[in-house]
Amino acid sequence: MDTQPVDNILEVRNLRVGFGINKTIVDVVRDVSFDLRRGETLCVVGESGSGKSVTARALMRIARPGRITGGSILLRNPRGDTLDIAALDDESEQMRAVRGDRIGMVFQEPMSSLSPVHTIGAQIIETILLHRDMTQTEARAQAIEALRRVQIPNPETAIDKYSFEFSGGMRQRAMIAMALSCEPEILIADEPTTALDVTTQAEILRLIKRLQRDLGMSVIFITHDMGVVAEIADRVAVMYHGELLEIGPVKQVFHEPKAPYSRHLIGASNKFTITGDHARGGTLPGLDPGVMLDVRNLDLTFRKSTGVLFRKVQEFHALKDVSLKLRDGENLGIVGESGSGKTTLVRALVGLIPADSGQAIYRSKDGRDFDLLQKGALRKAGLNREIRMVFQDPFSSLNPRMTVEQVIAEPLYLEGKRSKAEIRAKVISLLDRVGLPKNVLSRYPHAFSGGQRQRISIARALSVDPRLIIADEATSALDGSIRSQILDLMFELQTELGLSYIFVGHDLGVVRYFCDRIAVMHKGVLVEVGTAAEICQNPSKDYTRSLIAAVPGTDPDHRRLLTA
Amino acid sequence: MDKTQEALAAADEPVFEAHTPLTTQGTETQFQLIWRAFKAHRLAMVSLWVLIFLYAVAAFAEFLAPNDPLDVNARYTYAPPQEFRWFEHTEEDGWAFRPHVLGYDVEVDPVALRRTFVMDEETKYYVKFLPETWETKMWGFIPISRHLIGVEGRRDVLFLMGTDRLGRDLLSRLIYGARITLSIGLAGVGLSLVLGVIIGGISGYYGGIVDNLIQRVIEFIRSIPPIPLWMGFAAALPRDWSALQNYFAITLILSLIGWTELARVVRSRFLSLKSEDYVSAAKLDGAGDFRIIWRHMLPAFSSHIIATATLAIPGMILAETSLSFLGLGLQTPIISWGVLLQEAQNLRALADAPWLLIPGVFIVITILAMNFLGDGMRDAADPYGSNH
Amino acid sequence: MLRFIANRMFAMVIMTLVLSFVCFFIIQLPPGDVMTAYAAQLAAAGDSSSADTIARMRAAYGLDEPFLTQYFIWLKSLLSGNLGYSFTLQRPVSEIVSSRIGISLAVELLAIVVLWGIAIPVGIYSAVRRYSVGDMFATVFGFIGIAVPNFLLALLIMYIIYLYTGTAVDGLFSAEYVQARWSLAKLWDFFTHVWIPVIVIATGGAAQIIRILRANLLDELNKPYVVTARAKGMSERRLIMRYPVRVAMIPLVATVGWVLPTVISSSIVTAIVLNLPTLSPILLRSLLTQDMYLAGALILFMGLLTLIGTLVSDLLLAWIDPRIRTGMTDG
């Protein structure tokens, strides 16, 4: 084909992997063929359920309960001898010698992928001793070396720590150290940065790239994030429903995608760039409108006490002196990494978490001022109908035991102003508004997909004609294309009903797309606020700058992360 | 390449959510989903029928018992179960449908002076359907004298499961005992449920110091061996109390310790539900505390509570039988399966009359059925596969 | 870690106090006071000097004082090693306890060892080889263990042995050894008897532990860290023993806390049925005769035993679970 076979370290031909479901075997990976070249980074992309993870695990024969039902996986050593992995037994001596020694693997969840009851060191040393004829002391020295290689500070002491004593990023480094402890020829990384914050993701991506260069290994990188692909891939393979749709050099796939599905994926990711031109967020809309919500010096600490006699009170200062204004009709984005306090902030505003001090003055429809931080403020004067919330998880935010009608009608019923028939008519019109047919009325939430559930949540929020909708990571749990549909629906509703949004998110691209102004939070502190364009193109604070710098681009021609 | 065509079509369509088409119904209520999941559990379904049968027997004990359970027969102490035959062979008719049992022949061992019963092929007592035999009051107020089966002759006896030390009919006693043993399990769990739901609810709802205190109390109760505590309390009951007082006192003692597990379940469900987004959403919808608990939270854990309660019944029954067996629980003239087993306490009695162990078989069947039923209910309790 | 131990110790002291209070409450429960039953006995025996004796003893036990004062008098004498006096056995409670405690503990400890010895390998086996014939046997055994009451199991074994050998199982020693000094022969005789109660006591607990261990292990077998270990190239057998089993054992150590109450409860019933020379038959007798000081002391003692067991399991847990050891959680 287009490569000289000598260059290939791995040749996969017509690979099929099947799972037994109800006594029949269903192939979830069908006729996948690709080559992996020495020293290259091959990214495998696809949405959840595309078979990318199963393919990766099949290469190591750890795909159980799935098993290989056809095809071959040829692993080639530098002398040109080949070993057909697909023909080996899962548990054979030969296969075990390949795992961990010639092919290393890194997983998505570093916390659960490391044993909670063994030290990091014990787990790495074990790998080394499995494949190398060494004494315990020599293996320990090599393990420390492996930790040093992944830039874990003080590897001599870190080796005796447990995984839960590390931060997420450090854990993933330890995981990589373990996978690379025997210096394998191939590293398979299965969504290794998906569970990490964006800045940590950038560090891990850089680390993998550097180690790849140093050790001269090939990397198979599995991800659903086209941005990450654009940043690190040499070649890309696109998978959909168990099939490999196309494979090619990264620039070719990005600029001239062959498969319509690839085009769709790239299109969806291009929509949410932080650099491009967007409809909103350049300047403030219209003349300076009135201030709707004025948050002043909000402070909040979580306390947890343990023990009977020797009480230990653990404190976590979640919000530190946060002040912030929301103008009438604007979309305010709040971004930050996990633990930044962004969700706590909005939950405090609606009274779900009590604040310690500060004020949040809200000017209601009829021009009166209320402090939302007062206990029970939302109950007064029907404020809970003016301010509504849409939650992140579309599966836990709808009561599985209530029908769609009951869910949407609940606030209307509690309002107590309408008759049963009026409520029903209103629910039907709301469903229509969010794009759901009226025959869903008597269905329960489990009959719907994530995107449809989020539409139901929005209908519930709209039911009492609100002015402000607080969307807490409302699109984070959705796949790319559905995310943009929901955001566009929210835009439409805004123009139609004159809404304002507070939009909490961790994905800067999405927030940039949707918001007029952005507030950046870090460790409970509001770092800076500015128009979306200002924050993304011309940030004034170091933290914001590092955050922006860590966001993967969408163009393989202009890589942002690895050049820095 | 039709897969790719599909992908293409999907990519061009704005709605990529075709995985869950709206044609699936999804209109089943929680109860329907739970019932469907439960029905798939074979063992649980069988157990359900077994328990329905046992409870029906307990409910209609007066009608079903062939003999007065308190009727003493000096002639027939430790009489073995009679042989029961459906058909009779006679010279005139040949084989005919005439259900009957054989009478006893008593042989006295001249050395050990022990009586042994043997079946007498000649004596036949005909078993009648709905005969008029002994007088009693159904549920304590409807006088009846007809029973499901019985023998009518003056000297005829019907001991299908043998008799005890005083010649009382074990089958009838077993049927009466079912009423006490099975109901004490329900009553004990009912009382535990009330205590558990209230205390667990308070613990989960208020949290803080109240919660801490209640948790410590539960921890304490659970770390003490229950049998000696039960024994201690039961032994302290006044000896002159009536059977009914005794029954309720024992129920109370059992549930004093039994509520902890239920309280624990209620509390943990409460806490996990409190942090569910849909409960927050209900709060933001403007629902009051009562409505949130009643409308939004209770339906989510009622099924779990029922399952836990079911799984607690066997423990209650075991405790009652153990206490009664030791002579500290229910006292004669109350008949419970534990009281019946007390008769089998020494090896001598057991060697002479192994049928005295029959109530034990029923205890085991009941407890197994309760466990299977509870397991099935627990597995089916959350048909949405969320919030464990 | 130190803080954890200190907290547990403190909790233990509080629990012991509460336990002693509950026991004293039980002592006081029967109508009348402790002397009433004794007085009745003396009167029945025709002892004419009883009134005088009773009055003296009343004063000594502070029986005319209020409840709380009586409790403190009782507690104080407990702390000085005086457990009270058994009126029915006419001996100090401490003497009765010390004469039987050794055998009691031996039987219970043996039962616990057997219980874990059965439960752990069977639990691991039936999780790893799920739905195998062995697993099905384990499941059936589990249901028997849960559904057959202890006293019934003891009766059944007794009856079966009687049917096949014609001998009645009774106590822990053959007649010739009951009074004999300890020797190898007596020890052997002890073991030929003790297996019956040990098996009866262990069955129920073992069934529960097998269920728990199996469920825990099935959970752990699907955890990502197992896949990680597999990806290292470890053999399946070594991997299972080293990772999921190790993790699944941790909650099991915590169950020592509630296995003990179960074991002690079932040992009481079993010992009574099999007429063992342990504390349990004494407890039953004292309760039936309302010899409350003896009963209270025995219940206190049995409760204390489980509290100590719970403490040991907590400390053990802290020792084997690094998450507690390093102060991440308080268990």
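Just after helix H14 of chain A, Gly416(A) takes a positive phi of about 75°; helices here are DSSP runs of H or I with at least four residues, strands are runs of E with at least two, and both are numbered from the N terminus. This is a predicted model, in which local features need pLDDT of at least 70 and side-chain atom pairs count only at pLDDT 80 or more, while totals for chains, interfaces and linings use all residues. Residues are numbered from 1 along each chain as its sequence is written, chains are lettered from A and ligands numbered from 1 in the order in which they are written, and side-chain values use heavy atoms, with hydrogens and water left out.

Back to the helix itself. H14(A) is mostly covered, with nine of its twelve residues buried. Buried means under 20% relative accessible area, exposed means over 50%, and partly exposed is what lies in between (1.4 Å probe, protein chains only). The buried set includes Val404(A), Val407(A), Ile408(A) and Leu412(A), and also the acidic Glu405(A), Glu410(A) and Glu415(A). Who does the covering? Part of the cover comes from chain A, including helix H13 (383–386), strand S16, helix H15 (420–433) and helix H16. Chain B chips in too, with helix H9 (277–285) and helix H10 (289–326).

That leads straight to the interface of chain A and chain B. Here 46 residues of chain A are in contact with 40 residues of chain B, contact being heavy atoms within 4.5 Å. The two chains bury about 4000 Å² between them, and carbon and sulfur atoms give 55% of that. Buried area is the accessible area (1.4 Å probe) that two parts lose on being put together, summed over both. Three salt bridges turn up across this interface, a salt bridge being a side-chain nitrogen of Lys or Arg within 4 Å of a carboxyl oxygen of Asp or Glu. Asp277(B) and Arg347(A) meet through their side chains in a salt bridge, at 3.0 Å from N to O. Nine residue pairs, both at pLDDT 80 or more, are in polar contact between chain A and chain B. A polar contact is a pair of N or O atoms within 3.5 Å; within protein, one must be able to donate a hydrogen and the other to accept it, and residues adjacent in sequence count only if both atoms are side-chain atoms. On the side of chain A that touches chain B, the elements giving two or more residues include strand S10 (243–249), helix H11 (260–271) and helix H17 (480–497). H14(A) gives the most to that side, with five residues. By type, the residues of this side divide into 21 nonpolar, 14 polar and eleven charged. For that split, Ala, Val, Leu, Ile, Met, Phe, Trp, Tyr, Cys and Pro count as nonpolar, Asp, Glu, Lys and Arg as charged, and the others, Gly among them, as polar.

Chain A also meets chain C. Here 28 residues of chain C are in contact with 35 residues of chain A. About 3000 Å² is buried between these chains, 62% of it on carbon and sulfur atoms. In chain C, Arg3(C), Arg230(C) and Lys232(C) lose the most area to chain A, together 20% of what that side buries. The rule finds two salt bridges across this interface. Lys232(C) shows up again here, as its side chain meets that of Glu126(A) in a salt bridge (2.9 Å, N to O). Ten residue pairs are in polar contact between chain C and chain A, both residues at pLDDT 80 or more. Helix H9 (224–231) of chain C is one of the elements that give two or more residues to this side, as is helix H1 (2–28). The largest share, six residues, comes from H9(C). The chain C side divides into twelve nonpolar, six polar and ten charged residues.

Chain C as a whole has 15 helices and two strands. Its C-alpha atoms fill a box of roughly 85 × 55 × 35 Å along the principal axes. Of the 331 residues in chain C, 50% are buried.

Within chain A, the domain assignment (automatic or from a database) gives domain 1 (39–65 + 78–235) and domain 2 (330–346 + 380–545). Their centres, taken over C-alpha atoms, are 38 Å apart. The contact takes six residues from domain 1 and five residues from domain 2. About 410 Å² is buried between these domains, with 28% from carbon and sulfur atoms. The count of salt bridges between them is zero.
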